[in-house]
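Here's a quick tour of some helix packing and a couple of pockets. Keep the 3D view open while you read.

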Amino acid sequence: MAKKRVMTTKVYSRLEGMLFMAPWLLGFMIFMAFPLIFSLYMSFNNVKVLPTGMRYELVGVQFYKTILMGSAEFYDQLIPFLQEVVIMVPVIVIFSLLIAIFLNQKLKGRFMFRAIFFLPVIFSTGAVLQQFMDQEESGLGFMKSEMIGGFMDAYIGGSPWGKPVLAVLEHFVLVLWYSGVQIVVFLAGRQTIPASAYESARIDGASPWEVFWKITLPAMSPFILLNIIYTVVDMFTFPSNPVITLIGTGNYGYSSALAWIYFVIVLVFLAIVLLIYSRVNRQQRM
């Protein structure tokens, strides 16, 4: 009888979860499923727009071969951008975590500071960001000085990771701007940790540094993973993304193939992140 009740509870729990997912699933099926399938179909065809309509000529994987084996421009844009993402994601996540811990303290005007960090997420649309970057206002001001700028070019610019590091520094203000959502997520995660855990640690004589590594960081682990995934997806759809600018050449078949290759690269990048995170999390538990 108890087993039957447990099974019934599981069924109700799954139905409740499906009910919350239903609006997203319906929206995906209605507005996104068909365009995705149709773009995959176009990637195997040479699409020509005629006055009478659109004509599709089957070319198989020709566009995929052209992009992967014969397009140097694709790799020239993709590899430096991936290096920038590898640098920017940890910077954004660590910065967001530290700011969230700071804003969780009982400080005067903390609600104003929370609004200051989140407002750029609301107001910084693609056009605003593009104008901001065109005016060269997205970097650190002291980086433009001759002494520091020359030092960076001489000692960092020549290394394989020099160009991505300089690109991140040139858009460092935008990196901080894009931390609003992550800060909110970390704030919510920090508030799920019971105060009794910190009181017990203080009674046992733990230092603030030990409390952070033994209580705060392990408890924030799921939220760190969530923010890493969100930041990676956000970076791959960044307005100044050079790979996205290649998608839209006018050839619908070629652009669709390029978009699907880029989509697979994003999935592989996320899979690597999940693999690294699972291994690190497993070692911490051991």
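## The second largest pocket

Which residues lie nearest the centre of the second largest pocket? They are N104, Q105, R190, Y198 and R202, out of 17 that line it. This is a predicted model, where local features need pLDDT of at least 70 and side-chain atom pairs count only at pLDDT 80 or more, while totals for chains, interfaces and linings use all residues. Residues are numbered from 1 along each chain as its sequence is written, and side-chain values use heavy atoms, with hydrogens and water left out.

A pocket here is an open set of points on a 1 Å grid over the protein atoms alone, where a 1.4 Å probe fits, with protein on both sides within 12 Å along at least five of seven lines; lining residues have an atom within 4 Å of a point. This one holds about 450 Å³ of space. α11 gives the largest share of the lining, five residues. The lining splits into nine nonpolar, three polar and five charged residues (Ala, Val, Leu, Ile, Met, Phe, Trp, Tyr, Cys and Pro count as nonpolar, Asp, Glu, Lys and Arg as charged, and the others, Gly among them, as polar).

## The largest pocket

Now for the largest pocket, at about 610 Å³. Closest to its centre, among 23 lining residues, are V93, I224, I228, Y277 and V280. Two or more residues each come from α3, α11 (208-219), α12 and α14 (252-285), and α3 chips in the largest share with eight. By class, the lining has 20 nonpolar, three polar and no charged residues.

## How α12 packs

The axes of α3 (residues 72-103) and α12 (residues 221-236) come within 10 Å and cross at roughly 140°. That makes α3 oblique to α12 (oblique is what remains once angles under 35 degrees, over 145 and from 65 to 115 are taken out). On the α3 side, F81, L82, V85, M88, V89, I92 and V93 make the contact, meeting I224, N227, I228, T231, V232, M235 and F236 of α12 (contact means heavy atoms within 4.5 Å). Those residues come out as 12 nonpolar, two polar and no charged.

α12 also packs on α11, at an angle of about 50° with the axes 4 Å apart, so these two are oblique to each other as well. Here L217, P218 and A219 of α11 touch S221, P222, F223 and I224 of α12. The tally for that contact is six nonpolar, one polar and no charged residues.

How values were computed:
Axes fitted to C-alpha atoms, helices over the stretch in contact; angles between N-to-C directions. Points joined across faces, edges and corners; volume = space filled by probe spheres on them.
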